[in-house]
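Student: I should like to work through this structure step by step, with the reasoning set out for each reply. May we begin once it is displayed?

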Amino acid sequence: MSLNIIVLAKQVPDTRNVGKDAMKEDGTINRAALPAIFNPEDLNALEQALRLKDAHPGSKVTLLTMGLPRAAEIIREAIFRGADTGIVLTDRALGGADTLATSYSLAQAVKKIGNYDVIIGGRQAIDGDTAQVGPQIAEKLGLPQVTYAEEILDVANGKITVKRRLENGVETVVAPLPCVVTVNGSAPECRPRNARRLMQYKRAVTPSEKAQLSAEEQAIVDARPDLSLGEWSAAYVEADPEQIGLPGSPTKVKSIENVVFTAKESLRLDDNDEQIEDLIKDLIANHTIG
Amino acid sequence: MSDNNNLIVYCEFDDGKIADVSLELLTKGRSLANDLGVKLEAIVIGDNLKNVEDQIFPYGADVVYKVEDKRLYPYTSNPHAAVLINLFKQIKPQVCLMGATSIGRDLGPRVSSCLHSGLTADCTSLEIGPHRDPKTGKEYENLLYQIRPAFGGNIVATIVNPDCRPQMATVREGVMKKEIVNPDHRGEVINLKASDYVKDEDFVVEIIDRHIEKSKINIKNSPIIVAGGYGVGSKENFQLLHKLADTLGGEVGASRAAVDAGFTEHDRQIGQTGVTVRPKLYIACGISGQIQHIAGMQDSSIIISINNDPNAPINTIADYVITGNVEDVVPKLIKYYKKNSK
């Protein structure tokens, strides 16, 4: 049985490596200084999708992302690793969305793609760490959800069997298709780029990227339909303007503060025996240890 | 039961016990409900719920809803979500709190999506306060301030849900303190008929295998924590920290970087994405002190930082800073403790 698989992914600023140059003098974040990366757990999700494709020849993996037009970069990345195609949902009207407005918008795009068997995404994105979009898309589409997946064990007879990693154990569940699966970082890493696919698809572009190309380059893209990536607007996926972007977001950011910790006056010691023994004696004397 | 406008806590129940995180939220919920002048309610969904209210009332709950059905245990997403969605449509709480656990983080989004209410994940602080919409100028009284780190812990955002109810938030275990209000406090028990809230079709996902291990690691309640960061360098060097922890009668913790590098288990992670701890003594070994780590341990009574970088950010919040290599300093701590303790 071949499957129609949608992978949900996000291009995120690499918040794990916020260096000193990433903070501006006034203490706010200089987003431009942070590299934009493929959200790590979405790569784990892509790997699960590619494994399903390996096991079910003829399956199609479509990457769906919402963001700026440049998020097409992660579609190409996914194609180099084995995905078939991708769509970036991009529109100024989608800006400022909280998780609920994001989920609604993506659910509309999923409906537009249609005819899907399984939707797979990362558990959460590192710029928000909320883990809300997967379950909310499931609810919007009226589908069951399987969160914290570590391994998709089997797809057969319209059902999917998944091993889940919980904070205090593991669980294996069976859910009917179609359903939404979110994948944990503990799942296998994504396979690397395939050199042949890299050569084959390096010219894959969205319409707005294609418009930047020379006439000759555009002709190359036109000759190969598999080089055309989707670029969809909110109107194209028939999103209700009241439910997207800032107006569609029930949560509002009231204020943002930089994190400031109260500094203490520290006692500075060197790595010598005498000072360390004195410290231990002090800690024993004041009943901290012992 | 009509619009009650109260504050409700979803209580996780397993193995005959209400989860600690739920009791912590009841404690926080009690004080928020007092600020709002409303009742504190709790809901438990599962099986074998006899006398479960006895564990909840001491934390100050005024009402406990119980929804009992064999099929509601162990937890699955759709049935528990259906109960909350249908009950909330009926009683219209103004605030709903749940643990930011495997369950709460699976359940909360599903419920908030259906009710189109806002949900804020992993709050580190909750307060009640006014709000003025900067665009419309509309004034709101008594909103729930959902305060959480964002952007990898580099900023702290205060989130409000001005117009949608319930205002929903999840909080990780250990972030709030649990405290019994009155061991003899009693409230009202309301038994709800499961079939009024959940349909047979909601039971779509079947659990075919389940292994729940009680974590042997109990860093949250340990009075002494020896924590290692990326600077510890290897899994082998982490054994040194275990030696020190064993000698002092403590536990070993870790930063996210050390866990990501595979030096130690995920259960030991301290920080915004791990556990929050408040031990008597915190020995930070080779931890540079990313904000997200410091947020999970800054309330420790005494902090010792061992780092070969004299300018490691964590040193600014440490009581003692030992500049040196972990491999050299830790054996000395062990040696002189053994020599001086009786």
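Tutor: This is a predicted model, and a helix is a convenient place to begin. Helix α1 of chain A covers residues 40-55, and it has 16 residues. At 1.5 Å a residue the expected reach is 22 Å, and the reach from the first C-alpha to the last is close to that, at 23 Å.

Student: How many of the 16 residues of α1(A) are buried?

Tutor: A residue counts as buried if 20 or more other C-beta atoms lie within 10 Å of its own. Among those of α1(A) that meet this criterion are Pro40(A), Leu43(A), Leu46(A), Leu50(A) and Leu52(A). Charged side chains also appear in the buried set, including Glu41(A), Asp42(A) and Glu47(A). The helix is largely enclosed by the rest of the structure, because the number of its residues that are buried is 12 of 16.

Student: Which strands pair with β1(A) in the parallel sense?

Tutor: Strand β1 of chain A, residues 4-9, is joined by 6 bridges to a parallel strand at residues 60-66, where Val7(A) stands opposite Leu63(A). A further parallel pairing extends over 4 bridges, and in it Leu8(A) stands opposite Gly121(A). The partners are therefore β4(A) and β6(A).

Student: Is β1(A) largely enclosed or not, and how many of its 6 residues are buried?

Tutor: The criterion is again 20 or more other C-beta atoms within 10 Å. The strand is largely enclosed by the rest of the structure, because the buried count among its 6 residues is 5.

Student: What percentage of the contacts in chain A with a separation of 6 or more comes from residues 24 or more positions apart?

Tutor: Chain A contains 8 helices and 13 strands, and its C-alpha trace spans about 80 × 45 × 45 Å along the principal axes. Of its 290 residues, 49% count as buried. Among its contacts with a separation of 6 or more, the share from residues 24 or more positions apart is 70%.

Student: Which element supplies the largest share of the side of chain A that touches chain B?

Tutor: The contact involves 64 residues of chain A and 72 residues of chain B. Elements of chain A that each supply at least two residues to this side include α3 (99-113), β7 (145-156), β9 (169-176) and α8 (273-285). The residues on this side of chain A divide into 29 nonpolar, 17 polar and 18 charged. The largest share is 8 residues, and it comes from β9(A).

Student: Which residue of β10(B) is the bridge partner of Ile256(A)?

Tutor: Strand β12(A) and strand β10 of chain B, residues 155-160, run antiparallel and are joined by 6 bridges. Within β10(B), the bridge partner of Ile256(A) is Ala157(B).

Student: How many residues does domain 2 of chain B bring to its contact with domain 1 of chain B?

Tutor: The domain assignment divides chain B into domain 1 (7-202) and domain 2 (224-340). Their centres, taken over C-alpha atoms, are separated by 34 Å. Domain 1 of chain B contributes 9 residues to the contact, and these divide into 2 nonpolar, 5 polar and 2 charged. The contribution from domain 2 of chain B is 8 residues.

Student: Where in chain B are Pro74(B) and Pro166(B) found?

Tutor: Most peptide bonds are trans. A cis peptide bond nevertheless joins Tyr73(B) and Pro74(B), with omega about -5°, and another cis peptide bond joins Arg165(B) and Pro166(B), also with omega about -5°. Pro74(B) is found in the loop between β5 (63-68) and α3 (77-91), and Pro166(B) in the loop between β10 and β11 (167-171).

Student: Is Ala131(A) buried or exposed, and is Asn51(B) buried or exposed?

Tutor: Phi is near 60° for Ala131(A) and near 60° for Asn51(B), whereas most residues other than glycine have a negative phi. Ala131(A) lies in the loop between β6 (118-122) and α4 of chain A, and Asn51(B) in the loop between β4 (40-46) and α2 (53-56) of chain B. A residue is buried at 20 or more other C-beta atoms within 10 Å and exposed at 12 or fewer. Ala131(A) has 25 such atoms and is therefore buried, while Asn51(B) has 9 and is therefore exposed.

Key:
Residues numbered from 1 in each chain as written. Chains lettered and ligands numbered in written order. Domains from an automatic or database assignment. Contact = placed C-beta atoms within 7 Å. Pairing = 2+ DSSP bridges. Expected span 1.5 Å × (residues − 1).
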